[in-house]
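Q: Got a minute to go through this model with me? I'd like to start with the open space and then see where we end up.

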Amino acid sequence: MNPAAEISIDAPLPTVWAVMLDTARYGEWNPFVERAETAVPAAVGNPIVLHVVWANGKRTRSPERITALDGPTTDPATGTTTALMSYVYEGVPARLGLVRGVRHQRLTQEPGGPTTYATVEEFRGPLVALAGPGRVADGFRRHAEGLKRRAEAEAASPPAG
């Protein structure tokens with residue numbers, strides 16, 4: 001099972017992308033990843049340590065490395081805007097070849113439509129079941145709902161200045 005979540009967000013894709021990249025403020029809105037430690041601005045190749053909160057309240061640290069950070073681009077033929085953030089799990093189980101995981105977070109917005117946020121963790125390895133794909137899927141759902149609330153609030157508030 002590859003844990004996944006998807007949600008429609010009534011905010012422009014660049015707004016959603018900005019919320020995703022503002023890792024210093026994750027604790028304000030993200031019930032799954034309460035903190036993400038990485039260099040600012042984020043860049044491909046940078047380590048990122050995710051401070052995860054499971055649904056039962058237990059916490060863990062997940063060392064990752066950013067593998068894709070493709071900011072918003074619009075296809076001139078269709079007008080569809082997309083963005084992608086990906087990172088690979090680098091914890092001890094990954095180094096031992098027992099659990100490997102790559103998380104992709106994709107944004108898509110058709111002209112005039114909402115932004116779709118879709119995330120999936122591509123797990124492989126002999127101990128994937130121990131990684132708890134079900135609890136990861138629950139975390140992704142909570143993350144998506146928090147991102148929706150935050151991005152829609154950002155889109156609705158007038159710019160500071």
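**Pockets, rings and strands**

Q: What volume does the largest pocket have?
A: About 450 Å³ for the largest pocket. Keep in mind that this is a predicted model.

Q: Which residues lie nearest its centre?
A: Trp-54, Ser-62, Tyr-89, Ala-131 and Val-136, out of 23 lining residues.

Q: And which elements supply at least two residues of that lining?
A: Strands S3, S4 and S5 do, along with strand S7 (115-124) and helix H4. S4 gives the largest share, with 5 residues.

Q: How does the lining of the largest pocket divide into nonpolar, polar and charged?
A: You get 16 nonpolar residues, 2 polar and 5 charged.

Q: OK, closed space now. How many cavities of 30 Å³ or more are there?
A: Just 1 at that cut-off. Its volume is about 80 Å³.

Q: What lines the largest cavity?
A: There are 13 lining residues, and Thr-23, Tyr-26, Ile-48, Met-85 and Tyr-87 lie nearest the centre. Two or more residues each come from S3 (47-53), S4 (59-74), S5 (81-89) and strand S6 (100-109). By type, the lining has 9 nonpolar residues, 3 polar and 1 charged.

Q: Tyr-26 caught my eye there. How many aromatic pairs are there?
A: The count is 3 aromatic pairs. Tyr-26 is in one of them, with Trp-29: the ring centres are 5.1 Å apart and the planes sit at 65°, so that pair is edge-to-face.

Q: Where do Tyr-26 and Trp-29 lie?
A: Both are in helix H2 (residues 26-29), 3 residues apart, which is about one turn of the helix.

Q: Buried or exposed, those two?
A: Tyr-26 and Trp-29 are both buried.

Q: What about the rings of Phe-32 and Phe-140?
A: Their centres are 6.0 Å apart with the planes at 80°, so this pair is edge-to-face. Phe-32 is in the loop between H2 and strand S2 (33-38), while Phe-140 is in helix H4 (residues 133-156), so the contact ties together parts 108 residues apart in sequence. Phe-32 and Phe-140 are both buried.

Q: Which residues form one aromatic cluster?
A: Phe-32, Trp-54 and Phe-140. Trp-54 also turned up among the residues nearest the centre of the largest pocket.

Q: What sits over the ring of Trp-54?
A: The charged end of Arg-135, 3.9 Å from the ring centre.

Q: Back to H4 for a second. Where is Gly-139, and how far is its C-alpha from that of Phe-32?
A: Gly-139 is in helix H4. Its C-alpha is 5.2 Å from the one in Phe-32, although the two residues are 107 apart along the chain. Gly-139 is also buried, with a relative accessible area of 0%.

Q: Switching to strands: how do S3 and S4 pair?
A: Antiparallel, over 7 bridges. Pro-47 stands opposite Arg-65 in S4. S3 and S4 form a hairpin with 5 residues between them, and Gly-57 in the turn has a positive phi of about 90°.

Q: And how many bridges join S4 to S5?
A: There are 8, with the strands running antiparallel. In one of the pairings, Ile-66 has Tyr-87 in S5 as its bridge partner. Tyr-87 is also one of the residues nearest the centre of the largest cavity. The S4 and S5 hairpin has 6 residues between the strands, and Gly-79 takes a positive phi near 80° there.

Q: Now strand S1. Which side chains point to which face?
A: They alternate along S1 (residues 4-9): Ala-5, Ile-7 and Ile-9 point to one face and are buried, while Ala-4, Glu-6 and Ser-8 point to the other and are not buried.

Q: What does S1 pair with over 6 bridges?
A: With S7, in the antiparallel sense. Ile-7 has Tyr-117 in S7 as its bridge partner.

Q: Last one: which peptide bond is cis, with omega near 0°?
A: The one from Val-40 to Pro-41. Pro-41 is in the loop between S2 and S3.

Technical notes:
Residues numbered from 1 in each chain as written. Predicted model: local features only at pLDDT ≥ 70, side-chain atom pairs only at ≥ 80, totals over all residues. Heavy atoms only, no water. 1 Å grid on protein atoms, 1.4 Å probe; cavity = no way out; pocket = protein on both sides within 12 Å on 5 of 7 lines; lining within 4 Å. Points joined across faces, edges and corners; volume = space filled by probe spheres on them. Helix = DSSP H or I, 4+ residues; strand = E, 2+ residues; numbered from the N terminus. Nonpolar A, V, L, I, M, F, W, Y, C, P; charged D, E, K, R; others polar. Phe/Tyr/Trp six-rings, centres within 6.5 Å; stacked < 30°, edge-to-face > 60°. Buried < 20%, exposed > 50% of the residue type's maximum accessible area, 1.4 Å probe, protein only. Lys NZ or Arg CZ within 6 Å of the ring centre and 35° of its normal. Pairing = 2+ DSSP bridges.
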